[in-house]
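I opened this structure to look up how some of its helices pack and where its aromatic rings meet. My entries follow in the order in which I looked.

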Amino acid sequence: MPGQIRISARQLMILTTLYTVGSAILIIPSSVAQIAKQDAWIAVLVGVTAGLLILYLYIKLASLYPQMTLIGILEALLGKWLGKAVGLLFFAIFFINAPVPVLFYLGNFMTTQMIPETPIQAVNILFALIILLAVRLGLEVLARSAELMFPLFILLYILFTGLVISNIKLENVQPVLETGMGPICSAALSFVSTAFLPHIILLMIFPASVNRFDQARKAIFTGSLIGGLMLVVVVSLAILVLGPDLTARNIYPSYALAKKINIGNFLQRIEAVMATMWFISLFFRITVYMHSIVIAIAQIFRLKNDRQLVLPLGILLVALSTIVYPNVPYQQSYDTKTWIPLTLSFGVFFPLLLLCIHALKRLGTNKNNKPADKREDRGEDGA
């Protein structure tokens, strides 16, 4: 339970980096290239800047309640029962729209790119079993696993970028700013909605489960920045190597990039090895989602043992991941038309609303304290 389990600031930074890269490394290049074309790399840079500003909003909210999770903050601001109701609704919506689609992405990626004859249900079940085991073992084990896997992830990332660089064609990013700033802003919003706005769920870990709050603020900021810059490089490489049209048409451009690796007709067809990088980031993204949701439900219903929630939620996760998107065109339509306003509502307006309620409550408290102070002053004068 939060408050009893503590991870270090370094572990939080690594978890945040892997969480930020998450599923975005697979799907972001295509979505931003559809909107901003060859200027997609500029849009992602703008998106990283905007994402860090949004992250400041979450850190500000956490600093006001340094010993609480998001559920605790809701109960403190809205009252016990309304806070629980809002928290339950928030995490129910989040469950359907965050871990479930990411597991779908993973299953769809595997069955369309690597093992087409395998049913998506089999892939989702096997991957979900690993996720459920990690959630059941708890946050400390997850954080230590992230520390162990991070060097391999970075090594594969460096290999991926280094081996793809030889295929760069600078004419693919020209002309720069051909369509102006409008498409860039739209693409940046699409990027932020996938890579940064879901960071609000990290309030179930930060700051309540981190041992040093002052270092944790820097860690979560640094991890998000590293993850954001890694995505900037991947999107830039996709545009520079594949070109904007092919990047936009390809569902998984980063995997198509890996297929381009060919060193002297000797080192080639290693995209399956590179896919390990995506499996690592997807695993930690879904596991952090599931851990946060399990902890949230346990706090709402004041359960002594949150592990009893893992298996039922895991079954729901697998079942919903096979039906949440009937097909890929539906998924692309949902991601562009519904996902962005939904994430804006719970990633921007929701924390802003909580900060406003905190300010109003503090203002009311100060007004109630003023007469008492004045009476005290008058008493002291009379004495």
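**Entry 1: H1 against H8**

I began with helix H1 (residues 9-21) and helix H8 (residues 139-164), which pack at an angle of about 65 degrees, their axes 9 Å apart. That angle makes H1 roughly perpendicular to H8, since 65 to 115 degrees counts as such. I noted that the model I am reading is a predicted one. The crossing in which H1 passes H8 is left-handed.

I then listed who makes the contact. From H1 I found Arg10, Gln11, Ile14, Leu15, Thr17, Leu18 and Val21. From H8 I found Leu139, Leu142, Ala143, Arg144, Ala146, Glu147, Phe150 and Phe153. Sorted by class, the residues of this contact of H1 with H8 are ten nonpolar, two polar and three charged.

**Entry 2: H2 against H3**

Next I looked up helix H2 (residues 24-36) and helix H3 (residues 40-64). They pack at an angle of about 115 degrees, with 8 Å between their axes. H2 and H3 are therefore roughly perpendicular to each other. H2 passes H3 in a right-handed crossing.

The contact is made by Val32, Ala33 and Ala36 on the H2 side and by Ala40, Ala43 and Val44 on the H3 side. I counted six nonpolar residues in the contact of H2 with H3, with no polar and no charged ones.

**Entry 3: aromatic pairs**

I turned to the rings, taking two as a pair if their centres lie within 6.5 Å. By this rule the count comes to 22 aromatic pairs. I looked at two that involve Phe109.

The ring centres of Phe109 and Tyr252 are 5.3 Å apart and the planes stand at 80 degrees, so I entered the pair as edge-to-face. This pair links distant parts of the chain: Phe109 sits in helix H6 (residues 99-114), and Tyr252 in the loop between helix H11 (244-249) and helix H12 (253-259), 143 residues apart. Are these two buried or exposed? Phe109 is buried, with a relative accessible area of 0%, and Tyr252 counts as buried at 1% relative accessibility.

For Phe109 and Tyr255 I read 5.1 Å between ring centres and 90 degrees between planes, so this pair is edge-to-face. It also links distant parts of the chain, with Phe109 in helix H6 and Tyr255 in helix H12, 146 residues apart. Tyr255 counts as buried, at 4% relative accessibility.

**Entry 4: a cluster**

Last, I looked for a group of rings. Tyr19, Phe90, Phe91, Phe94, Tyr289, Trp339, Phe346 and Phe350 form one aromatic cluster.

Methods
Residues numbered from 1 in each chain as written. Predicted model: local features only at pLDDT ≥ 70, side-chain atom pairs only at ≥ 80, totals over all residues. Heavy atoms only, no water. Axes fitted to C-alpha atoms, helices over the stretch in contact; angles between N-to-C directions. Helix = DSSP H or I, 4+ residues; strand = E, 2+ residues; numbered from the N terminus. Parallel < 35°, antiparallel > 145°, perpendicular 65-115°, else oblique. Left-handed = near helix turned anticlockwise from the far one by under 90°. Contact = heavy atoms within 4.5 Å. Nonpolar A, V, L, I, M, F, W, Y, C, P; charged D, E, K, R; others polar. Phe/Tyr/Trp six-rings, centres within 6.5 Å; stacked < 30°, edge-to-face > 60°. Buried < 20%, exposed > 50% of the residue type's maximum accessible area, 1.4 Å probe, protein only.
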